[in-house]
Amino acid sequence: MDQKTATTAVKTKIGPVIFLGAPGAGKGTQAKLIMQRYGIPQISTGDLLRDNVSRGTELGKQAKAFMDKGELVPDQLVCDMVAVRLRDADCDPGFILDGFPRTVGQAEWLDGLLKGDFFQKRCSLPPVVVNFRVSYNQLLRRLTGRRTCPACGRIYNVHFQPPRVADACDVDGSKLVTRKDDSEEVIAERLKAYERQTLPLIDYYRRQGRLREVDGERAPEQVTAEAFQAIENADRV
Ligand code: AP5
């Protein structure tokens, strides 16, 4: 798929899209491409939490200790944050949840929220859930090689998607940064938390008939093409 096709706007109402996948599976990379096509926002709980940490909010202070260790932030804190964000008007046509839900408790809470009056009036489409499957060794290479632009949020990888000039963002020239939790020690904890707490969501959504599997191991544009198909062909009843 070429860049033009990937970004060609689609005017249908898309509703909620949930991205599942291990740390480094490419959820953020794909969300940024897919939001352009559907004109819907990416809601990354990781980005929202990091923003709260950098602004020193009460939520950020509570979340930081968990994030630094690679553990999940308690459900209540994350759900309260998501509830506020989903009420913004830009979520009316739909939204991509990147990194949420991450526990069965969060998924049950989200099901309840989306079935409530507020969301049923805005958009009664049920969520489509896309799971990006990537092998363990590839996840490790992706996470240790990731660099991010602190200004525009663009994601790079020193092994797979390097910037044109080393350490500088192609878009705005900002110096790229390495995420604090992309150290080998914290990556190991994040992957353990994923296996213990997030993997059960695959069965949870499979039982609901909502799960769409995508091979996340291939080149980003191939993954994008498969994700578009998964979203557009999903049975939304
Ligand atoms: P979060 O920010 O959500 O991190 P994560 O889930 O660990 O996911 P990542 O952002 O690391 O990976 P990604 O799948 O988005 O991959 P990316 O596209 O960047 O969460 C951070 C922390 O916040 C958590 O540990 C937790 O403490 C807390 N938190 C967040 N949400 C929470 C929740 N709901 N509940 C509780 N706590 C929560 O890609 C990775 C790299 O691979 C990049 O370098 C990219 O360039 C490269 N890449 C991407 N696709 C490809 C490809 N197809 N081929 C080659 N390289 C690729």
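Q: In this predicted model, which helix holds K27?
A: K27 lies in helix α2, which spans residues 27-38.

Q: Why is K27 said to have no salt bridge?
A: The nearest side chain of opposite charge belongs to D98, at 5.1 Å. A salt bridge requires a side-chain nitrogen of Lys or Arg within 4 Å of a carboxyl oxygen of Asp or Glu, so the pair K27 and D98 does not qualify. K27 is nevertheless buried.

Q: What makes the approach of K27 to A22 a polar contact?
A: A polar atom of the K27 side chain lies 3.0 Å from the backbone oxygen of A22. The cut-off is 3.5 Å, so this pair counts as a polar contact.

Q: Which residues are in contact with K27, leaving aside its neighbours within four places in sequence?
A: They are F19, L20, G21, A22, D98, G99 and F132.

Q: How do you know that R146 and R190 make polar contacts with the ligand?
A: A polar side-chain atom of R146 is 2.6 Å from an oxygen atom of the ligand, and an N or O atom in the side chain of R190 is likewise 2.6 Å from a ligand oxygen. Both values fall within 3.5 Å, so both pairs meet the criterion.

Q: What makes T45 a polar partner of the ligand?
A: An N or O atom in the T45 side chain lies 2.8 Å from a ligand nitrogen; the limit is 3.5 Å, so the pair qualifies.

Q: Which residues have the most contacts inside the largest nonpolar core?
A: They are L86, L110 and Y205, in a core of 55 residues. Helix α5 (residues 75-86) supplies the largest share, six residues.

How values were computed: Residues are numbered from 1 along each chain as its sequence is written. This is a predicted model: local features need pLDDT of at least 70, side-chain atom pairs count only at pLDDT 80 or more; totals for chains, interfaces and linings use all residues. Side-chain values use heavy atoms; hydrogens and water are left out. A nonpolar core is a set of buried Ala, Val, Leu, Ile, Met, Phe, Trp, Tyr and Cys residues joined through side-chain atoms within 4.5 Å. Buried means under 20% relative accessible area, exposed over 50%, partly exposed in between (1.4 Å probe, protein chains only). Helices (H or I, at least four residues) and strands (E, at least two) are DSSP runs, numbered from the N terminus. Lys and Arg count as positive and Asp and Glu as negative; His and the chain ends are not counted. A polar contact is a pair of N or O atoms within 3.5 Å; within protein, one must be able to donate a hydrogen and the other to accept it, and residues adjacent in sequence count only if both atoms are side-chain atoms. Contact means heavy atoms within 4.5 Å.
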